[in-house]
Amino acid sequence: MKNRTLTEAEALRGKIIGWRRAFHQIPELQGETVMTEALIAETLHSVGIEEVRTGVGGHGVTALIRGALPGKCLAIRADCDALPIREETGLPFASENGNMHACGHDAHTAMALGAAALLWARKAELRGTVKFIFQPYEEGGRGALSMIRDGVLTDPKVDAMIALHIGNIMGVEYESGDVVHTAEPASANIYGFKAVFRGKGTHLANLSDGINPLFMASRAALRLEELRLEALKAGERVASAVTVIQGGTRNNIVPDTAEIQGSIRSFDREKHKAFIARFQEECGRIAAEYGGSVFYETMTDVPCTINDPKLHRRFTETASRIISPEHMKELKQAPLMGEDYAYFSELVPSLYFYYCSKPADGPCYPHHHPKFDISEKTLPLGAALFTEFALQWQT
Ligand SMILES: [Zn+2]
């Protein structure tokens with residue numbers, strides 16, 4: 001017999017796809033998701049949900065469904081912002097405002113709304129509360145923190161949390177419809193830096209009067225690469241590189257300063273911090289060796305998404321009621337990508353999984369590509385996964 005949640009989600013297919021298309025046509029950037037906010041609230045009201053809050057941490061939206069049975073509070077989070085990319089999909093509902101849902105957040109929003117509609121209809125058998133969190137500003141990494149600062153995890157206090165990412169972010173080896181899960185971190189620690197080395201400018205004719213900051217910058221760039229190779233040898237998965245070197249204006253003048261920029265990405269939070277501290281120290285040591293100085297600046301610092309092993313186990317059990325075994329796959333290697341859901345996962349036991357969705361026909365373009373698309377066929381199942389988890393995680 002077919003799972004009831006899945007049957008009900010399939011019956012909602014037309015609506016969920018319609019919502020996805022409506023959001024797809026109004027892509028908005030970062031914290032400016034005004035129309036998106038209004039449409040989420042309107043859709044929540046249209047399915048009967050009363051407790052809807054807009055303006056949470058900017059233009060975030062929350063909705064509460066209180067079950068008839070006592071229990072804890074689960075949050076389901078969907079990000080809802082788009083990218084400054086001109087769409088080239090040629091879809092009949094393609095965006096025309098110069099922005100694009102090229103990361104599938106329109107699908108995240110539609111699937112969460114689907115789950116909200118399904119759970120609203122099953123309040124009588126729901127234990128505890130489900131809080132839906134529609135979060136803007138994931139691209140740029142500021143939305144989760146704004147909502148947390150505005151108290152999204154309190155009143156009622158969130159006890160556990162779940163979210164997904166659609167598309168093909170996790171590698172080409174997965175098929176459309178695969179639920180790709182892991183008890184390990186699901187996204188990377190993302191760190192970006194800038195280091196400005198100060199020496200002493202001089203003309204080439206008076207070389208002994210100067211201190212060349214370009215030497216410091218080059219040494220630091222190479223040192224970062226040595227540190228990366230050491231970490232790889234030690235079995236860590238680290239991606240790091242200096243990607244910008246700037247300094248100097250003429251071929252016969254030593255400049256005062258030289259700047260490097262780069263990134264460090266990895267999965268183990270403590271080792272990541274140690275790696276950054278080591279590199280920072282090395283920058284200071286190199287500058288001092290030349291008699292110069294360094295001004296070091298952190299540009300980005302997003303933690304990795306931590307998965308809770310108990311929730312992971314519970315999730316694979318509940319997902320197995322909906323997904324056939326050949327579509328349940330363990331994530332081989334988490335992508336070296338950032339995800340600001342990580343901030344929630346630092347505060348609340350969380351689960352973050354990937355849901356593979358590729359267009360049924362034609363080529364599959366990567367995320368953030370002007371031709372990126374998903375398969376709408378997979379949307380009801382995504383809503384069913386959230387719904388079944390919300391109904392079963394406390395049983
Ligand atoms: Zn995304």
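**Close-up 1. Helices H6 and H7 cross with a right-handed sense.** This is a predicted model, and here we're looking at H6 (residues 213–233) against H7 (residues 269–290), whose axes come within 10 Å and cross at roughly 150°. Since angles over 145 degrees count as roughly antiparallel, that makes H6 roughly antiparallel to H7. On the H6 side, the contact is built from Phe215, Met216, Arg219, Ala220, Arg223, Leu224, Leu227 and Ala231. H7 answers with Phe275, Arg278, Phe279, Glu282, Cys283, Ile286, Ala287 and Tyr290. Sort the residues of this contact by type and you get 12 nonpolar, 4 charged and no polar.

**Close-up 2. An open sheet is put together from 8 strands.** Read across, the order goes E1-E2-E4-E3-E5-E14-E6-E13, with mixed pairing. Strand E1 (51–56) and strand E13 (328–330) sit at the edges, each pairing on one side only. From one strand to its neighbour, the turn averages 25°, ignoring direction.

**Close-up 3. Strands E3 and E4 run parallel, and helix H4 packs on the sheet.** E3 covers residues 69–79 and E4 covers residues 127–135, with 8 bridges joining the two. Look for Cys73, which stands opposite Thr129 in E4. Helix H4 (residues 105–120) touches E2, E3, E4 and strand E5 (160–167). Its direction makes about 160° with that of E3.

**Close-up 4. Helix H3 lies across three strands, E1, E2 and E4.** The helix takes in residues 34–46, and strand E2 spans 60–66. Against E1, H3 runs at about 175°.

Notes:
Residues numbered from 1 in each chain as written. Predicted model: local features only at pLDDT ≥ 70, side-chain atom pairs only at ≥ 80, totals over all residues. Pairing = 2+ DSSP bridges. Helix = DSSP H or I, 4+ residues; strand = E, 2+ residues; numbered from the N terminus. Axes fitted to C-alpha atoms, helices over the stretch in contact; angles between N-to-C directions. Contact = placed C-beta atoms within 7 Å. Parallel < 35°, antiparallel > 145°, perpendicular 65-115°, else oblique. Left-handed = near helix turned anticlockwise from the far one by under 90°. Nonpolar A, V, L, I, M, F, W, Y, C, P; charged D, E, K, R; others polar.
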